[in-house]
Amino acid sequence: MPYYHKLGKVPHKRHTQFRKSDGTLYSEQLFSTEGFSNDYSLLYHCHPPTQIISTDEPINVAPVVAEEKMLKHRSFEGFKIKPEEDYLQSRRAILVNNDCHVVLAAPSESMNGYFFKNADADEMIFVHEGKGVLRTMYGELPFDYGDYLVIPRGTIYQIQFADNHNRLFIVESFSPIRFPKRYLSKYGQLLEHAPYCERDIRAPQNLPSFDEKGDFLIKTKKKGMLYGIHYGHHPFDVVGWDGCCYPFAFSIHDFEPITGRVHQPPPVHQTFEGNNYVVCSFCPRLFDYHPQAVPAPYNHSNIDSDELLYYVDGDFMSRKNVTRGMITLHPGGIPHGPHPGAVEKSIGAKETKELAVMVDTFHPLQLTMEAVMIENPDYTMSWAE
Ligand SMILES: [Fe+2]
């Protein structure tokens, strides 16, 4: 999806002999998430990426749905998800449908002793708290508070956290995560009206190449099962790669909000999209400057989408009792809008410090058991005066 990038050593021509100093060949791998019909990269491994030496019994990690169908406004306390040492165990799917899973995680330890690959879904990991390095077969991506880490499905990775206070908001996307089409030129460059540009997209840097043999466990997720697959060499044995399919980082703080004389609709905040859902970033910005402007959003009837908002930081003028890490879900089918008093209160306000991530899905989301356990039961009636 992003622009062409090259790291490390690659041969002058693709699919030609590329030899190590001992005369043996490097192993070329084509990596794409949509067959041979979309962006791809070519990676050069010290060892073939195919050398499985043993496999473990698979484990079922599919989310357990508690409410498949519902029609009321919901809210969840995301920070009630308990920290877990292990990264994979810390990941709790909260809201799910066939297009994406929304997951919260509070891992307290770096990933040790194994690597992870999501074979089903591209991942968008929003770093609410914590910093560290995302290590991948493409190289390293240092990350910090406010970063979106976008990882194409099939990428092998490991996360190293700087300390044990980490809060992640994750979208697992069963289709490639893309820049919105309308931001792109005919040939894929981000256009002038887009709220970010290529300079804001951070590609992997450094490419430590581990030419090591041994027993390397890659926990691989597919169709709700976690498969332990052991390989006979280190998965980060790439000496070079190039192409347009690779993990990248983008900071929400680099998103340039679009404002106007009157209230701007949510699409101006759009950041990414996948099949049947969009991701938006609500960032600190100046409010509307028409002399009679109403900065609070109007009530709206999202008849064909579920609106999920994840509150990151700052003040949230249109809602009462908002906490950090809270999720609100306004399902398609009933209108929603500012809480009582919020519209009058917003008039005259010059700016907002709100920071939030929105995920709008075009098909309804289902609540998991984990969601039910962290729900604010009073939210549904919180508009009643
Ligand atoms: Fe809304």
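# Exercises on a predicted model

A search of the whole structure finds three cavities of 30 Å³ or more. The model is a predicted one. Work through each task, then read its solution.

## Exercise 1: A cavity

Find out how much space lies in the second largest cavity, and which residues line it.

**Solution**

Step 1. Start with the idea behind the search. Rolling a probe the size of a water molecule over the atoms shows where empty space is left.

Step 2. Take the volume. The second largest cavity holds about 50 Å³ of space.

Step 3. List the lining. It consists of R135, T136, M137, G139, E140, L207, P208, F210, F236 and V238.

Step 4. Place these residues on the fold. Two elements, β12 (132-136) and β13 (139-143), give two or more residues to this lining.

Step 5. Sort by class. Six of the lining residues are nonpolar, two are polar and two are charged.

## Exercise 2: A pocket

Describe the second largest pocket by its volume, lining and classes of residue.

**Solution**

Step 1. Give the volume. About 500 Å³ of space lies in this pocket.

Step 2. Count the lining. The second largest pocket has 22 lining residues. V61, A62, L88, Q89 and R91 are those that lie nearest its centre.

Step 3. Name the elements. Those that give two or more residues to the lining are the helices α1 (87-90) and α3 (369-373), with the strands β8 (92-96), β9 (100-105) and β17 (213-222).

Step 4. Sort by class. The lining has eleven nonpolar residues, eight charged and three polar.

## Exercise 3: The iron ion

Identify the protein donors of the iron ion, then decide whether H300 and E307 are buried or partly exposed.

**Solution**

Step 1. Find the donor atoms. They are NE2 of H300, OE of E307 and NE2 of H336. They lie 1.9 to 2.2 Å from the ion.

Step 2. Write the spacing in sequence. The pattern is H-x6-E-x28-H.

Step 3. Check H300. Its relative accessibility is 23%, so H300 counts as partly exposed.

Step 4. Check E307. Here the relative accessibility is 10%, so E307 counts as buried. The cut-off for buried is under 20%.

## Exercise 4: Two residues in strands

Compile a profile of D147 and of T220: element, accessibility, polar contacts and neighbours.

**Solution**

Step 1. Locate D147. This residue is in strand β14 (residues 147-151). D147 is buried because its relative accessibility is 3%.

Step 2. Follow its side chain. The side chain of D147 reaches the backbone nitrogen of D144 at 2.9 Å. A polar contact also joins the side chains of D147 and R202, at 2.9 Å.

Step 3. Look further along the sequence. Beyond four places away, D147 touches I125, F126, V127, P142, R202, F250 and S251. R202 thus appears as a polar partner and in this list of neighbours.

Step 4. Locate T220. Strand β17 contains this residue. T220 is buried because its relative accessibility is 8%.

Step 5. Follow its side chain. The side chain of T220 reaches the backbone oxygen of I218 at 3.2 Å.

Step 6. List the contacts. Apart from neighbours within four places in sequence, T220 is in contact with K117, A119, M225, L226, Y227 and I229.

## Exercise 5: Far in sequence

Work out where N164 lies, and how far apart N164 and E109 are in sequence and in space.

**Solution**

Step 1. Locate N164. The residue is in the loop between β15 (156-161) and β16 (167-173).

Step 2. Read the accessibility. At 42%, N164 is partly exposed.

Step 3. Compare the separations. N164 and E109 are 55 residues apart in sequence. In space they are 5.8 Å apart, C-alpha to C-alpha.

Step 4. Add the contacts. Leaving aside neighbours within four places in sequence, N164 is in contact with P107 and S108.

## Exercise 6: Positive phi

Look at the phi angles of H15 and N276, and say where each residue lies.

**Solution**

Step 1. Recall the background. Most residues other than glycine have a negative phi.

Step 2. Take H15. Its phi is positive, about 60°, although H15 is not a glycine. H15 lies in the loop between β1 (5-8) and β2 (27-32). With a relative accessible area of 51%, H15 is exposed.

Step 3. Take N276. Its phi is also positive, near 70°. N276 is found in the loop between β21 (270-274) and β22 (277-282). Its relative accessible area is 31%, so N276 is partly exposed.

Terms used: Residues are numbered from 1 along each chain as its sequence is written. This is a predicted model: local features need pLDDT of at least 70, side-chain atom pairs count only at pLDDT 80 or more; totals for chains, interfaces and linings use all residues. Side-chain values use heavy atoms; hydrogens and water are left out. On a 1 Å grid over the protein atoms alone, a cavity is a set of points where a 1.4 Å probe fits but cannot get out, and a pocket is an open set with protein on both sides within 12 Å along at least five of seven lines; lining residues have an atom within 4 Å of a point. Grid points are joined across faces, edges and corners, and a volume is the space filled by probe spheres set on the points. Helices (H or I, at least four residues) and strands (E, at least two) are DSSP runs, numbered from the N terminus. Ala, Val, Leu, Ile, Met, Phe, Trp, Tyr, Cys and Pro count as nonpolar, Asp, Glu, Lys and Arg as charged, and the others, Gly among them, as polar. Donors are N, O and S atoms within 2.8 Å of the metal (3.2 Å for Na, K and Ca); water is not among the atoms, so sites may look incomplete. Buried means under 20% relative accessible area, exposed over 50%, partly exposed in between (1.4 Å probe, protein chains only). Contact means heavy atoms within 4.5 Å. A polar contact is a pair of N or O atoms within 3.5 Å; within protein, one must be able to donate a hydrogen and the other to accept it, and residues adjacent in sequence count only if both atoms are side-chain atoms.
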